[in-house]
Amino acid sequence: APAPPPGRHLFSDPAEVEALRRNLLAWYDRCKRDLPWRTLAAAEPDADRRGYAVWVSEIMLQQTQVATVIDYYTCWMQKWPTLQALAQASLEEVNELWAGLGYYSRGKRLQEAARKVVSELAGRMPRTAEELQKLLPGVGRYTAGAIASISYGQATGAVDGNVIRVLCRLRCVGADSSSPAVIDRLWDMANVLVDRNRPGDFNQALMELGATVCVPKSPLCGECPVKQHCQAWRRKLFGKAPPVPDVEDCVWDCPLCPPATEPWDSSLGVTNFPRKAAKKPPRAMRTATCVLERRGCHGAPEYLIVQRPSSGLLAGLWEFPSLPLAQDLQEEKEKKELADHLQAWMGRPVAATGLQFIGEVIHIFSHIHQTYVVFSLHLDGDVTLDPALSPSRWVTEDEFHASAVSTAMKKVCGA
Ligand code: SF4
């Protein structure tokens, strides 16, 4: 087993742990934001409904800002207030409501898991973090800890990105905070710190502190309710570590200190922590997209959309007919490939010269830098599409916006 980290990275003084809990919870009671899922979790007497309400919020909040989530959450809970209601919804309805929130597989997985709870667990939500993680697809360690502590009062930590930042600063953890070994240590800390009487509030308070005070770039240390417990703050106030090491100082190969090659940078202050290994740059992709237009029966323009495969990026969402392209093709060649693709699909000749270039639209997914090369094509008369290929339908512009289409396709539509 790896050696335990030196004392400065731990919360080993019970009196300090008590004081930190007290200060943080008092601040939370005074300053917490009113959020619809907090109101629901506090007021809902039914344990399964309460767990479901917190679960939906946690899944929506993964990689999405609170301000964006609020309206989606309210709509979702009005439409599907219980697990049973969600289990009966169609994937199409779920995708439509989720459209614009990003990371679309989250909605689909949430619905699959709700169906599992209804059909295999008799509609009863698992009550502990361990069971939640084991039994619910798409529920990882963090989400399980959040649901169990907030809905069921289990004294377990919940470590998300905000909590990682706060803990790394509180205890000067400068080793790569995305490495499994460091993440495990942060979970140990969170499990030690969590308040035994108010675990859900404590976890939310730690996250709230990270979201509103201990923010990534310019943390508001002067207003921080736990600054007296913060090693990074102390280090900033007193400058360099003292020349004579004391018992709390780390040895040179401490697994939680910054690497020796990247020592403390006094110009960064507390934002020396956390540190992450450099991310891989996103992969560049080019995709040709065709806005196919025809006159509908009332003379209004209609556009063709097709459904993406049920797995992979943007699974099950609708888009204008699209074709991934090799990098570095000439524009004429890109047009030709798109024309051939449309021709095979419509079963009638499509001349590349008929495709009108509209422009390029860039959309950044978390790991992909996507360039859509947008063309348009006006069709006369009716078109029969090969039903063996992807499902497709003609929609008006309003119907397009109400459909389960990605933000990227909405950008293409506005091009
Ligand atoms: Fe974060 Fe500053 Fe508070 Fe430390 S004192 S926890 S760095 S806001």
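This report describes the internal cavities of a predicted model.

Rolling a probe the size of a water molecule over the atoms shows where empty space is left. In this structure, two cavities of 30 Å³ or more are counted. The table sets out the volume of each cavity and the classes of residue in its lining.

| Cavity | Volume | Nonpolar lining residues | Polar lining residues | Charged lining residues |
|---|---|---|---|---|
| Largest cavity | about 130 Å³ | 13 residues | no residues | two residues |
| Second largest cavity | about 60 Å³ | five residues | two residues | two residues |

**The largest cavity**

The lining of the largest cavity is made up of 15 residues. Those that lie nearest its centre are Arg 169 together with four cysteines, Cys 214, Cys 221, Cys 224 and Cys 230. Helix α10, which spans residues 161–170, gives the most to this lining, contributing three residues. By class, the lining of the largest cavity has no polar residues; 13 are nonpolar and two are charged.

**The second largest cavity**

The second largest cavity is lined by Trp 55, Ile 59, Gln 62, Arg 106, Arg 109, Leu 110, Pro 137, Gly 138 and Val 139. Two helices, α3 (47–61) and α7 (105–120), each supply at least two residues of this lining. The largest share comes from α7, with three residues. Among the lining residues of the second largest cavity, Arg 106 and Arg 109 count as charged, whereas Gln 62 and Gly 138 count as polar. The lining therefore has two charged and two polar residues beside its five nonpolar ones.

Key. Residues numbered from 1 in each chain as written. Predicted model: local features only at pLDDT ≥ 70, side-chain atom pairs only at ≥ 80, totals over all residues. Heavy atoms only, no water. 1 Å grid on protein atoms, 1.4 Å probe; cavity = no way out; pocket = protein on both sides within 12 Å on 5 of 7 lines; lining within 4 Å. Points joined across faces, edges and corners; volume = space filled by probe spheres on them. Helix = DSSP H or I, 4+ residues; strand = E, 2+ residues; numbered from the N terminus.
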